[in-house]
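Biologist: I would like a close look at one part of this model. Please take me through it, then through what surrounds it.

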Amino acid sequence: MRGYAVIDVETTGFSFKHGHRIVEIGVVELDASGAVENTWETLVNPQRHMDATSTHHITAADVCGAPTFEHIADKLVGSLTGRILVAHNAPFDSGFIQNELRRCGRATEDSLPAIDTMALAKQYLRLPSVKLAECCKHLGITNAREHAALADAEATTQIFQHFLSNTSAFKEAIQPQLAAAEAFNGFLQPEPPAQPASQKNQQPNEPLLLSRAQTQQAREAAHNGGWFAGLVDEREPVASSTVENYFSLLDRVLLDRLLTTTEQDQLLTFAKDNNIGSQALQDLHEEYLSQLLELAWADGVITEEERTIVLAVARALGIPSAAAEEALQPQPAEAGGRHHSSSPVYEDTREGAIYGTEDHGPNPGMGPLQGIVLRPGDRVTVTGARAYSTSDWTHYFDAHGVVLAGLSKKTRVLIAADPDSQSGKAQKARAYGIPIVAEDVARDVLRFTD
């Protein structure tokens, strides 16, 4: 045996049998003496709706750019091979790990051997409660980030090292688990993909891991529109049709005046697929805001709602608020009256740009200024609602003749508690090009017409 792999996982719920998945994993690799050799951690995209956020504080937005379990399976198997799994409440962690490995074809049905520090704490510490926090408190171990996978794994490591160093009968007590680990042969090797002869000797790439700290850094950058700063700097010519398609995409994702992590990814994917560099993308954002200002100034007055929308869009697109504020101020015209932006009004020639049909609501080119316009008979879907019950939403839409129903291609908007959700409904909505709106702002951006 090479040693031990102390692991903690955070999940979307308590039972993998009910479809819950791992959302974060922390690993501490120990040698045979119990000394730390290596640590690693990553968030994991569960490819389903995010639950248990109140416990681990991981949101759907946090895992949007994270690897799926399949992408880290090889790395995890590498940590476990020749080592025995150690965890606090090991049946929970090992059950989730084994289920995930089975799902991606990396493990058999054989049970994964494990040492449970919770069971050992019951035997050796004899505390009223043997939860991780109570064991740490008893042994003087500091865990500043409870329910963060790597922090919990490091705390569990210290508990395990305490038993290794201070309990004379401990090594004898874990002999059955060590023997089971020695005999374990339950990891499966995936069928390697066909490779050109020139690549056959290349080492496989390390998976791209994503920690909580990295997501926090990305969130801080995105707060001021820096989400596209990682694109290539070379400026590429942008065809007029590409501009129209990008503006159409902006119209859709900004209808609720928010830009979620998933929507940022959609815009970045579009830019990369169309060879749009950072400077060109910035220019497009400024042009889009300019056209939005034209629409806001069309009647010669900027309302408080229009001002709020323009500033929200500017912030989302990385345009300095001072520049947006200046553009919102009335300026003297050359021949009297009011003057606004000098850019020509954007003429939306896209057939049914957002709505799919030309006669469905006001001019789609008004984008975020008009909100989401619904007509009697339109179909709306709600998923994961928390602030309002299904009954509340039904009464709300019934009053306007709008139908609340399941998701289909005819759905006009999906209202979600978390617009970054990876639930089946949210994934279908994105595939269909249906706008997804956060529940807490939905009633502010919905408009109804007879």
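Which residues of α12 are buried?

Modeller: A caution before the answer: this is a predicted model. In α12, the buried residues are Thr 262, Glu 263, Gln 264, Leu 267, Leu 268, Phe 270 and Ala 271.

Now the helix itself. α12 covers residues 261-273, which is 13 residues. From first C-alpha to last, α12 reaches 18 Å. That is close to the 18 Å expected at 1.5 Å a residue. As background, an α-helix has 3.6 residues a turn, so residues three or four places apart point the same way.

Next, the end of the helix. Just after α12 comes Asn 275, with a positive phi of about 55°. Asn 275 belongs to the loop between α12 and α13. The positive phi occurs here in a residue other than glycine. In general, most residues other than glycine have a negative phi. Asn 89 also has a positive phi, about 70°, and is not a glycine either. Asn 89 lies in the loop between β4 (83-87) and α4 (90-103). Its relative accessibility is 30%, so Asn 89 counts as partly exposed.

Back to α12 and one of its buried residues, Leu 268. Phe 228 touches Leu 268. Phe 228 sits in the loop between α10 (212-223) and α11. Its relative accessible area is 9%, so Phe 228 is buried. Setting aside residues up to four places away in sequence, Phe 228 also touches Ser 278, Leu 281, Gln 282, His 285 and Leu 317. Phe 228 has a distant partner in sequence too. Gly 318 is 90 residues apart from Phe 228 along the sequence, yet their C-alpha atoms are 8.8 Å apart in space.

Two of the residues that Phe 228 touches, Leu 281 and His 285, lead on to a helix pair. Helix α11 (residues 240-253) packs with helix α13 (residues 278-297). The angle is about 65°, and the axes are 11 Å apart. The crossing of α11 and α13 is right-handed. On the α11 side, the contact is made by Val 243, Tyr 246, Phe 247, Leu 250 and Asp 251. On the α13 side, it is made by Leu 281, Leu 284, His 285, Glu 287, Tyr 288 and Gln 291. By class, this contact has seven nonpolar, two polar and two charged residues.

For another helix pair, look at α5 and α7. Helix α5 (residues 117-124) and helix α7 (residues 149-166) have axes that come within 11 Å and cross at roughly 45°. That angle makes α5 oblique to α7. The crossing of α5 and α7 is left-handed. From α5, the contact takes in Thr 117, Leu 120, Ala 121 and Tyr 124. From α7, it takes in Thr 156, Ile 159, Phe 160 and Phe 163. These residues divide into six nonpolar, two polar and no charged.

α7 also brings in a strand. Thr 39 is in strand β3 (residues 36-43). Leaving aside neighbours within four places in sequence, Thr 39 is in contact with Val 27, Val 28, Leu 150 and Glu 154. The C-alpha atoms of Thr 39 and Leu 150 are separated by 8.1 Å, although the two are 111 residues apart along the chain. Thr 39 is partly exposed, at a relative accessible area of 36%. Val 36 is found in β3 as well. At 48% relative accessibility, Val 36 counts as partly exposed. Again without residues up to four places away, Val 36 touches Val 28, Glu 29, Leu 30, Thr 157 and Gln 161.

One more residue connects to this region. Ser 211 lies in the loop between α9 (175-183) and α10. Beyond its neighbours within four places, Ser 211 is in contact with Glu 41 and Leu 43. Ser 211 is buried, with a relative accessible area of 12%.

Finally, the whole chain. The chain has 18 helices and 13 strands. Of its 450 residues, 48% are buried. Among contacts with a separation of 6 or more, 70% are between residues 24 or more positions apart.

Conventions:
Residues numbered from 1 in each chain as written. Predicted model: local features only at pLDDT ≥ 70, side-chain atom pairs only at ≥ 80, totals over all residues. Heavy atoms only, no water. Helix = DSSP H or I, 4+ residues; strand = E, 2+ residues; numbered from the N terminus. Expected span 1.5 Å × (residues − 1). Buried < 20%, exposed > 50% of the residue type's maximum accessible area, 1.4 Å probe, protein only. Axes fitted to C-alpha atoms, helices over the stretch in contact; angles between N-to-C directions. Left-handed = near helix turned anticlockwise from the far one by under 90°. Contact = heavy atoms within 4.5 Å. Nonpolar A, V, L, I, M, F, W, Y, C, P; charged D, E, K, R; others polar. Parallel < 35°, antiparallel > 145°, perpendicular 65-115°, else oblique.
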